[in-house]
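Visitor: I have a model open in front of me and would like to learn how to read it. Could you walk me through a few features?

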Amino acid sequence: MNNKSDILVGIDLTKTYGELEVVKGVSLAVREGEFVSLVGKSGCGKTTLLSILSGLEHPTHGQAFLTGKEITGASEDELALFRRENVGFIFQSFNLIPTLSAWENVALPLFPMQMSEAERRRRATELLDQMELSHRLEHLPAALSGGEKQRVAIARALINHPKIVFADEPTGNLDTATGDAIMAILNHLHRQKGMTILMVTHEPELAKTADRVLRMQDGEVLS
Amino acid sequence: MMNLFKIALRNLLRYKRRTLLTASLITVGVVFVLVFVAVSGSFKAMMIGQITDAMLGHIQIHKQGYVASIDNLPLNLNLNAKTAARIDEILGSQKNIEASSPRLKFGGLFSNFVESTNIRLNGIYPDREFKTVPLLTSRISEGRKTIAKGEILIPALLAKGMKVKVGDSVVIVATNKDGSVNGKQFVVAGIMEGVTGPGGRDGYVHIEDAAEVLRMPELEISEVAVRLKDFDRLQPAFQDIRKQLETEFRKGDKFPLEIHTWEGLSPFFNIARMLDIMTFFIKLMLVALVLISVLNVMMMAVYERIREIGTMAAIGTPPGKILLLFMMEGLSLGVLGTIIGGGVGLLLLFILNVAHITFNFGQQQGLLLQAYVNPMDFVTIAVIVILVSVVASLQPAFKASRMEPIVALRHV
Ligand SMILES: Nc1ncnc2c1ncn2[C@@H]1O[C@H](COP(=O)(O)OP(=O)(O)O)[C@@H](O)[C@H]1O
Ligand SMILES: [Mg+2]
């Protein structure tokens, strides 16, 4: 299972909250450049599994490898650095920082690094250009529409040139048309730029666009 | 660093009213402390100044045991001429001494040829005495501001009670060391206001006249008053002088002299001490005020921003940076409060000074209140406030930095 082109590997991952077993012995692998979607009903453990695979949360049992490095058991500081260098996140509720402008939100992952303000801004602007948000650089999140917010969030996920992007219900808070536009961006990223994406959704329709669909039910991955 | 600071400031601006409220709490605290420190400091300085400059001097030297029985002005506890001369020499060689004045103190009978009363007198060298206690002349309310041989300065209450005016002749009678009695006639050169405290209602004559009244074969000295160049260096100067005198006069475990600063001679030292203690407690209250208000705001800030903290952690912001971010917010609050408080406080002090507020101290009337904070005090207060703000934000900031990203992200 752990062959060279697997960028993400989970082995027998289990997560329990007290009595509740939320993720039950899941093993999976994602290859470099693959777009995998994880679909399942609300509450079946998708977010929990994604958190474990992306190094946001420690599993109760099992191991997870990202870009060949074992992330289970690493310290918070190591994980923070690792996420910053390798992982991009897109959340259902955007999670932009309300006090920062669009470009500052995009540049946020850069700020623990030694880099000039001009360089940060240049890189953020470039990505926002690609998201067709050049006219929104200085706007605060409150002044942006849902679709615009999510595009800012995508730009933020990409700024550190991640090896993999984790998207948790990226269209969950958007209307269908806007959601489709976001999906188009993700598909574009995957096809044109070869980005590896693991996307969680509860809508089978959205999941279909991916290279591969994993079905999750009651904490287990079926296919 | 610059970015963290920017984010911290924006967060403070996000809740303008709350930030302003907290900052103004700190402001009120800073203003209060500044004004208190300035006014009590001014009062203290003036009080000490009055006591030391109008009567005591900064330091006094006596023969061992004199101070304990100073109320009855004993003649058998004087310094002999040789010792007095040696002390003079030593004091003369000290760089930090501005002036010194030997005094021959005695009690006697004061008569205006009609009736008589008790009087306590200081025999002095006028020029040396006026240099050592420069405010003494300001106490002379009538007559000439100096005395010559054959003249006497008498306290105002005595002058009033005995109906004596400047230019009148009076007689001083005193018992000598050997028990015989002697008298001498003086002309009243001036009448002086009393000051509060021991010795505040003494009269003054020339020291050679005093020796004559007391029929001293050679001049003896009861006390030597010393004025320092720099009053702020009282303790080190005191230690210096003491060491010098010890090397000169100590024989085995016998030291024939005693040396005191004004603190050991005047009960007002306790009032000054009390003002210091009050100032300390007021500063403590400021610390508590800043601590509680900043802690409160920062705890709220962390609670409100749990999801934000989760996001920042998720995208790889190291815990240390998150800690720093919240500390920076606390710091900024403290700095803001200090700047406004400092500004308002100094303005208030300026107004107090311009208003020419006066107060009375003992017999001294219309002393001008000079509310003044020395820069060191100002800096200390500012540093305390800012430091306490940082300390107060430590716990909330630590909590924020330790938050598990996924728990924070799931927070609703
Ligand atoms: N910290 C937690 N403590 C207890 N239960 C939790 C915790 N986090 C998630 N759960 C539970 O785990 C289950 C799976 O949650 P989640 O992974 O968010 O599901 P999904 O993303 O598929 O909707 C849910 O029943 C949820 O209530
Ligand atoms: Mg979920």
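**The ligand site**

Guide: Let's start at the ligand: B:Arg410 has a polar side-chain atom 2.8 Å from an oxygen atom of ligand 1. Keep in mind that this is a predicted model.

Visitor: How much of the area that ligand 1 exposes when taken alone does the protein bury?

Guide: Alone, ligand 1 exposes 560 Å², and the protein buries 65% of that.

Visitor: Where does ligand 1 lie with respect to the chains?

Guide: To place a ligand, list the residues around it and check their chain letters. Ligand 1 sits between chains A and B. Its surroundings include A:Tyr17, A:Val22, the run A:Lys41, A:Ser42, A:Gly43, A:Cys44, A:Gly45, A:Lys46, A:Thr47 and A:Thr48, and also B:Arg410.

Visitor: Which distances to an oxygen atom of ligand 1 do A:Thr47 and A:Thr48 show?

Guide: For A:Thr47, a polar side-chain atom is 2.6 Å from an oxygen atom of ligand 1. In A:Thr48, an N or O atom of the side chain is 2.5 Å from a ligand oxygen atom.

Visitor: On to strands. Is β5 of chain B mostly covered or mostly open?

Guide: For a strand, go through its residues and ask whether each is buried, meaning under 20% relative accessible area. In β5(B), residues 151–155, five of five are buried, so the strand counts as mostly covered, given that cut-off. Then split the strand by face: B:Glu151, B:Leu153 and B:Pro155 are buried on one side, and B:Ile152 and B:Ile154 are buried on the other.

Visitor: Which strands does β5(B) pair with?

Guide: Check the partner and the direction for each pairing. With β7(B), residues 181–192, β5(B) pairs in the parallel sense over five bridges, and B:Ile152 faces B:Val188 there. With β8(B), residues 203–206, the pairing is antiparallel over two bridges, with B:Leu153 opposite B:Tyr204.

Visitor: What is the strand order in the open sheet of chain A?

Guide: Read a sheet from one edge to the other. This one has four strands in the order β2-β1-β4-β5, with antiparallel pairing. At the edges are β2 (20–31) and β5 (69–70) of chain A, each pairing on one side only. Strand β4(A), residues 61–66, joins β5(A) through two antiparallel bridges; A:Phe65 has A:Glu70 as its bridge partner.

Visitor: Last one: how many domains is chain B divided into, and how far apart do their C-alpha centres lie?

Guide: Look at the residue ranges before the distance. Chain B is divided into domain 1, made of 2–51 + 270–410, and domain 2, 65–255. Their C-alpha centres are 51 Å apart.

Notes
Residues numbered from 1 in each chain as written. Chains lettered and ligands numbered in written order. Predicted model: local features only at pLDDT ≥ 70, side-chain atom pairs only at ≥ 80, totals over all residues. Heavy atoms only, no water. Buried < 20%, exposed > 50% of the residue type's maximum accessible area, 1.4 Å probe, protein only. Pairing = 2+ DSSP bridges. Domains from an automatic or database assignment. Near = heavy atom within 4 Å. Polar contact = N/O pair within 3.5 Å; in protein donor to acceptor, adjacent residues only side chain to side chain. Areas by Shrake-Rupley, 256 points an atom, 1.4 Å probe, with all protein chains shown as cover.
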